[in-house]
Structure formats: C-alpha cells, structure tokens
Amino acid sequence: MRKFLLLAIVTLSALLLLGGYRLTALSAVKANFFMTPEYKIVEKIQEGHDIFYLFKRDKKEIYQTVLVQKNVFLYKRVYATGISSTNDSLETIGGMSYRLHHEGTLFVVLSHDENVSYITINSKQGIIKKSIEHSKLVSFYIPYAQQIDLLEAVAYDKHDRPIYYYGYDDADNLRWNRVDE
C-alpha cells in the first residue's frame, strides 16, 4: 500500500510539473522555454488571483508580459505577450486582454516625458484617470476583456491639455502619438 501511495504521489507530482504547475508564481513564469536569464523583471502587478510579471529583454528590445494564476496552492503561467521597446516619449510596455474563468485587461505605460501629468483610459465604468511621473510606470486593470487599442488612452499635461493619444499612426503602428502631429 505504501509503495502504491508513493508511486501515486510521484506520478501526480510529475504530471503537475510537466503541466507547468509550480509552487511559486515566479517559478511558474521561469519554467517556460522563452524565459532566459536575459529577461529582467521590471514589475510585478497583482489583481485579485491574477499575477502579472513584466520583463524586459535588452538584447532584442522587447517587453514581455506574463499572466500567472493560482490554482488551489499551485501556480501556472497562463498567457504571455510581447511588445517591442520603442523609446518614444510615452511607451506601452505591457498589455493583454484575456478570457479564462474570468476576464481582464492590463495596460502598462512608462513615461519618458516630464510634461505628462496623468493618463486616462475609457472603460465601461467610465474614464479611469491615473497620475504618472517621469521615468515611472502606471498600470491600468479593468475586469473585462478589451483590446488595448480600443481603450482610448490619452496623456495630459498639468494644465489638463491632451499631449498624446494611443492609437495607430500613418504607418499603421500602434503607439503613443502627439496630439499636434
């Protein structure tokens, strides 16, 4: 009986490990083939049972957003998205929209412009406004799936004048565009 119980525990543990389940959220992220030592953690954002890790890989100039969810006492990577680094005055460094057992949308912006005071997005609940500082990031989370290009994000200065809007430019690239362009 003991051998059977031991064999069952070893088999179950092996299946969980092969299925991507880990004891910690970060170990679930790092268990994936794309996650190499070149990726450095930028931020960890937790929204309810959802844990988001933002990574940057300097060599390829890419930001990676990874969603991890907790199942009972184990963690599993669910989704990962990548966004190219642009070095624009405002830079979207993370974002994803998902539908699983529940829905959600994450949108993360990094400011390189001292004139930007706050950013707004349009949600079903109304306008969400968050302050942002130079060289800092701000994250928006909404509890439903929404494409990030439809969030109608706008960046304002301290005098409440719009400076940037998030949308497609003339070359059909999704990025932050100056209002006066």
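This text goes through a predicted model, taking a three-stranded sheet, the aromatic pairs and a surface patch in turn.

The sheet is open and has 3 strands in the order E6-E7-E10, paired in the antiparallel sense. Strand E6 (90-99) and strand E10 (137-142) are the edge strands; each has a single partner strand, so one side of each has no neighbour in the sheet. From one strand to the next, the twist averages 10°.

Within this sheet, the pairing of E6 with strand E7 (residues 103-111) can be followed in detail. The two strands are joined by a hairpin through 3 residues, and their antiparallel pairing runs over 9 bridges. Two positions help to fix the register. Tyrosine 98 stands opposite glycine 104 in E7, while threonine 92 has valine 109 in E7 as its bridge partner. Although E6 stands at an edge of the sheet, the strand is mostly covered, with 8 of its 10 residues buried. As a general point, side chains in a regular strand alternate between the two faces of the sheet.

The aromatic side chains come next. A search of the whole structure finds 9 aromatic pairs. One of them is formed by tyrosine 118 and tyrosine 156, which are stacked, at 4.9 Å centre to centre and with 15° between the planes. Tyrosine 118 belongs to strand E8 (residues 118-123) and tyrosine 156 to strand E11 (residues 154-156), so this pair ties together parts that are 38 residues apart in sequence. Both tyrosine 118 and tyrosine 156 are buried. The model also has a cluster in which ring pairs link Phe107, Phe140, Tyr166 and Trp176. By residue number, Phe107 falls within strand E7 (residues 103-111), and Phe140 falls within strand E10 (137-142).

On the surface, there is a nonpolar patch made up of Leu23, Val72 and Phe73. Together these residues have about 400 Å² of accessible area. Phenylalanine 73 is located in the loop between strand E4 (62-71) and strand E5 (74-84). Is this residue buried or exposed? Phenylalanine 73 has a relative accessibility of 57%; the cut-off for exposed is over 50%, so the residue counts as exposed. Tyrosine 118 and tyrosine 156, by contrast, are buried.

Technical notes: Residues are numbered from 1 along each chain as its sequence is written. This is a predicted model: local features need pLDDT of at least 70, side-chain atom pairs count only at pLDDT 80 or more; totals for chains, interfaces and linings use all residues. Side-chain values use heavy atoms; hydrogens and water are left out. Two strands pair if DSSP finds at least two bridges between them. Helices (H or I, at least four residues) and strands (E, at least two) are DSSP runs, numbered from the N terminus. Axes are lines fitted to C-alpha atoms, for helices over the stretch in contact, and angles run from 0 to 180 degrees between N-to-C directions. Patches are made of residues with over 30% relative accessible area and no salt bridge: like charges are joined within 9 Å, nonpolar side chains (Val, Leu, Ile, Met, Phe, Trp, Tyr) within 5 Å. Accessible areas come from the Shrake-Rupley method with a 1.4 Å probe; for residues, only the protein chains shown count as cover. A salt bridge is a side-chain nitrogen of Lys or Arg within 4 Å of a carboxyl oxygen of Asp or Glu. Buried means under 20% relative accessible area, exposed over 50%, partly exposed in between (1.4 Å probe, protein chains only). Rings of Phe, Tyr and Trp (its six-membered ring) pair if their centres lie within 6.5 Å; planes under 30 degrees apart count as stacked, over 60 as edge-to-face and the rest as tilted.
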